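Here are some exercises to help you find your way around a new structure. Have a go at each task before you read its solution.

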Amino acid sequence: YRLSARLDERTYAACAGHLQDLLCQECSPYAAHLYDAEDPSTPVRTIPGLCQDYCMQVWQNCRSIFRSLSADPELIALENNMAKFCLYLSLEDTDYCFPHLLTNQNLNQNLGLVTADAEGCLQLCLVEVANGLRNPVAMVHANDGTHRFFIAEQVGLVWTYLPDGSRLEKPFLNISEAVLTSPWEGDERGFLCIVFHPKFKFNGKVYVYYSVEVNYEERIRISEFRISPADMNALDHGSERIILEIEEPASNHNGGELLFGDDEYLYIFTGDGGMAGDPFGTFGNAQNKSALLGKVLRIDVNNNERGPLYRIPPDNPFVSDPTARPEVFAYGVRNMWRCSFDRGDPHTKEGKGRLFCGDVGQNKYEEVDIVEKGKNYGWRAREGFSCYDKKLCTNSSLDDVLPIYAYPHKMGKSVTGGYIYRGCESPNLNGLYIFGDFMSGRLMSLKEDHATGEWQYSEICMGTGQTCMFPGLINNYYQYIISFAEDEAGELYFLSTGVPSATAPHGVVYKVVDPSRTAPPGKCQVEPSPVKVKSKRIPFVPKEKFIMKTPTPHPRLKTTTEAPWGGVPDPQAPRTPAEDGVGAAPAPPGKRTRPSPAAPGGSARGPGRGAEQSGQRRRKKPPGNGTVRLMREGRRGRGRGRVEIFIDGEWGTVCDDGWSLPAAAVVCRQLGFPYVVRATKKAEYGEGSSLRILLDDVQCSGQERTLLECSHADVGTHNCSHEEDAGVVCSREEVTD
């Protein structure tokens, strides 16, 4: 209207339609083509690419309107030469010129749909966002307008990332000394979640979920922290208040999700207590409403500066039941790993507030649930749609809610719940629930059929051929999908690793991109609020590469009955189009190959997983030769303790009066600590008298990968006693003891 007001009556009648058509092409699904925005070496056009016949028609009657649309001096200089003018506005790819692309059936037949291959696998691409992380378990935002995001590592550190992708050198939170975890692949304990209070901008409150050991008892702990008054990018570590602690009878099935709903209540998702088959009590923890394990809890942490640390929401479903804990919101869950609230359709808000969860299965099925107040989700009576405990399953009083989707262990053995996409940049993904499987590395999606209420499954593959051949896009990822995330604008990410160990720095964060249709230029632009930075910025350097493979015909496996691969995938190599059946793609340069931690038919588990085989406590695989651990007062030391080493099937001590700082540095590095503070001698952390002395006279340069690579006396040969057992003090930061 602003531009058309400049036109006289005659020109308006002849040209206003053309003016509107040209302006509207910024919102075309093909705007990137029309404005030549895909090639970074060329400037973005100010006028969309025009077909020659249409350009000549507009030039003859309405060429004056181009001065209103563009200040391009070259275009204005050609205004009186039709041939040169229209050549300047033409496109090399004539399929995409306006307006012929509107009637091009090849371009428009699937408009509004995500591109799929011949077998229906959705073709998406990725952008690498962060790397070098140790089992990244969660990525969250503060919802404060800064568009920062915060990534939590299983070891107990949380890092701040700025909108430009850089990371701050100082951690947002470091409670690694308190967090209970280990370097073992598949250890489910550790720092599991972080969430910002909905009014964080005003109250500075943050909540965390982590494993601890208290008096030899393993617990899950929910704590509250406040932002540091001196630094908006760091929490005040002295402000911790323990909101809730729950004893864990076993080391697996720790749950690990915290969310705030639109009601501003805190939702806590706990596992069933561990082992296998929920063996606790008559019906298991999950069916016992007087237990907090195997539940979705809902509590009120608002205005808790005085009085109780949390209150019970008055509309919680079991507040009037004397046999139930009032915190319980829903029950009958096994080990929900990654849940999310639906933001709702960007325009209609349809679906807003629905709570989606992935619930890890036992022996046969993984499931996705929509969680509602007071409902029973069936475990241990039911696993997926099938009966697990047949006696419980036939109980008419069970009244359980079935999942919206379940899949067998031939497709994957440990579901990782995801999100309904509600972002701006990939409009064709709107309403698609995207999730994954930790074990198989599958990316999957569900789309609701509003007519039937059923959810339709589609597998997600990495784009093949030229699908992802755009600057910054890649088409491969590491297998072990740990978590999914949304940024403040609603764009979708997932976090995965090549080695599922809390101390292995192989974690990467990927942004999901749909190349079939992107939003119009400028529509999704955000203007972050300023952030005062007091720590050094570390620029982001991407490491992953696009892998070019030519698609070849291949038989697709049925999604509900067949395994994604015939063998066990390499845990180090990223997932590529090859692993979706396109042929054998080599790992990118620098990717180390190593045996998979999962034996065929078995399962390896990352944090919060829990998909072990029938009726047995989770078994850790035997350590490798040279593995070290720290012991202190009869239990595992975290960061300090007596050094014990595993050699030829047994644990033993290192006894050495010449124990040195370089040798201690090797031990610390093996355990995932970048710094050594001190090498301790003379059994400062106690004598390991129940073990043999395996190493003596250890001489290291400090660069060795394990103590066994250092010079030492023959294994088991020594001239010392346990009174000289060696120890170390390690640190994640450069400090003094």
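**Exercise 1.** Find out whether the crossing of H1 and H3 is left-handed or right-handed, and which residues make the contact.

*Solution.* Start with the hand: H1 and H3 cross in a left-handed way, a term for a near helix turned anticlockwise from the far one by less than a right angle, while clockwise would be right-handed. This is a predicted model, in which local features need pLDDT of at least 70 and side-chain atom pairs pLDDT 80 or more, while totals for chains, interfaces and linings use all residues. Residues are numbered from 1 along each chain as its sequence is written, and side-chain values use heavy atoms, without hydrogens and water.

Next, list the partners. H1 brings Ala14, Cys15, His18, Asp21 and Leu22, and H3 brings Tyr54, Gln57, Val58, Asn61 and Cys62; contact here means heavy atoms within 4.5 Å. Sorted by class, these residues are six nonpolar, three polar and one charged. Nonpolar covers Ala, Val, Leu, Ile, Met, Phe, Trp, Tyr, Cys and Pro, charged covers Asp, Glu, Lys and Arg, and the others, Gly among them, are polar.

Finally, check the geometry. The axes of H1 (residues 9-24) and H3 (residues 52-62) come within 10 Å and cross at roughly 135°. That makes H1 oblique to H3, since under 35 degrees is roughly parallel, over 145 roughly antiparallel, 65 to 115 roughly perpendicular and the rest oblique. Axes are lines fitted to C-alpha atoms, for helices over the stretch in contact, with angles from 0 to 180 degrees between N-to-C directions. Helices (H or I, at least four residues) and strands (E, at least two) are DSSP runs, numbered from the N terminus.

**Exercise 2.** Locate the cis peptide bond that starts at Phe98.

*Solution.* Go to the bond from Phe98 to Pro99: it is cis, with omega near 10°. Then place Pro99, which sits in the loop between helix H6 (82-88) and helix H7 (105-108).

**Exercise 3.** Do the same for the cis bond that starts at Trp379.

*Solution.* Here the bond leads from Trp379 to Arg380, and its omega is near 10°. Arg380 belongs to the loop between S17 and S18.

**Exercise 4.** What is phi of Glu264 near, and where does this residue lie?

*Solution.* First read the angle: phi of Glu264 is near 65°, a positive value in a residue other than glycine. Then trace the chain around Glu264, which is in the loop between strand S11 (257-260) and strand S12 (266-269).
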